[in-house]
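Student: I would like to learn how to read a few features of a protein model, one at a time. Could we take them in turn, with the general idea before the case at hand?

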Amino acid sequence: QVQVAESGGGSVQFGGSLRLSCAASGTTFVIKSMGWYRQAPDKERERVATITTDRGDTNYAEAVKGRFTISRDGAKNVVYLQMDKLKPEDTAVYYCMAVYDFGHLRNLDTWGQGTLVTVSS
């Protein structure tokens, strides 16, 4: 139905920047929100940032406020995560997630495969 695919991960030094991209594809769907989550080794997956597709309302985890910015290109169904002032504790696999409606089905979610971000000190 709907797929999302991340890109843009990599390795960076402390204080550096990276931008992640997430593209949604599929047919006859209505995306309601998209977001980024991350999972560090031996830790649970946690929400990083989300954005609604209608009004562009954003929400950030406390740990990334002021350093990360989520944005969207509605025409292309693409969401970005600009990550600045990166810290070693930001090292994780970052996953994109989309919440969408499909036909009569509501609030379905789909996840990407993840992209690794490594921050060295």
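Student: Which residues form a disulfide here, and how far apart are their sulfur atoms?

Tutor: In general, a disulfide is a covalent bond between the sulfur atoms of two cysteines. In this structure, which is a predicted model, a search of the whole structure finds one disulfide. C22 and C96 form that link, with their sulfur atoms 1.9 Å apart, and the angle of -80° about the S-S bond makes the link left-handed. The bond connects distant parts of the chain, since C22 belongs to strand 3 and C96 to strand 9, 74 residues apart.

Student: Is C22 buried or exposed, and is C96 buried or exposed?

Tutor: The cut-off for buried is under 20% relative accessible area. C22 has a relative accessible area of 0%, so this cysteine is buried, and C96, also computed at 0%, counts as buried as well.

Student: How many aromatic pairs are there, and how should I read the geometry?

Tutor: A pair of aromatic rings is described by the distance of the centres and the angle of the planes. Here the count comes to one aromatic pair. The rings of Y37 and W111 have centres 4.9 Å apart and planes at 65°, so the pair is read as edge-to-face. Because Y37 lies in strand 4 and W111 in strand 10 (residues 105–111), the pair ties together parts that are 74 residues apart in sequence.

Student: What is the relative accessibility of Y37, and what is that of W111?

Tutor: Y37, at 16% relative accessibility, counts as buried, whereas W111, at 31%, counts as partly exposed.

Student: Which charged residue sits over the ring of W111?

Tutor: The charged end of R45 sits over that ring, 4.8 Å from its centre. R45 also lies over the face of Y95, at 3.8 Å from the ring centre.

Student: How many residues does the largest nonpolar core have, and which of them have the most contacts inside it?

Tutor: A nonpolar core is a set of buried residues of certain kinds joined through side-chain atoms, so one reads it by asking who belongs and who has the most contacts. The largest nonpolar core has 31 residues, and those with the most contacts inside it are M34, W36, L81, M83 and Y94. Among the elements giving two or more residues to this core are strand 3 (18–26), strand 4 (30–39), strand 8 (78–83) and strand 9 (92–102). Strand 9 gives the most, with five residues. For a closer look at one member, M83 is in contact with G16, S17, L18, L20, R67, F68, Y94 and V117, leaving aside its neighbours within four places in sequence.

Student: Could we compare two threonines, beginning with where T115 is placed and whether T115 is buried or exposed?

Tutor: T115 is in strand 11, and its relative accessibility of 10% is why this residue counts as buried. The T115 side chain reaches the backbone nitrogen of G9 at 3.2 Å. Beyond neighbours within four places in sequence, the contacts of T115 include E6, G8, L20 and Y94.

Student: Where is T58 found, and which residues does T58 touch?

Tutor: T58 is found in strand 6 (residues 58–60) and, at 39% relative accessibility, counts as partly exposed. Not counting residues up to four places away in sequence, T58 touches T50, I51 and I70. The C-alpha atoms of T58 and E46, which are twelve residues apart along the chain, are separated by 16 Å.

Note on methods: Residues numbered from 1 in each chain as written. Predicted model: local features only at pLDDT ≥ 70, side-chain atom pairs only at ≥ 80, totals over all residues. Heavy atoms only, no water. Core = buried A, V, L, I, M, F, W, Y, C linked by side-chain atoms within 4.5 Å. Buried < 20%, exposed > 50% of the residue type's maximum accessible area, 1.4 Å probe, protein only. Helix = DSSP H or I, 4+ residues; strand = E, 2+ residues; numbered from the N terminus. Contact = heavy atoms within 4.5 Å. Polar contact = N/O pair within 3.5 Å; in protein donor to acceptor, adjacent residues only side chain to side chain. Phe/Tyr/Trp six-rings, centres within 6.5 Å; stacked < 30°, edge-to-face > 60°. Lys NZ or Arg CZ within 6 Å of the ring centre and 35° of its normal. Disulfide = S-S within 2.5 Å.
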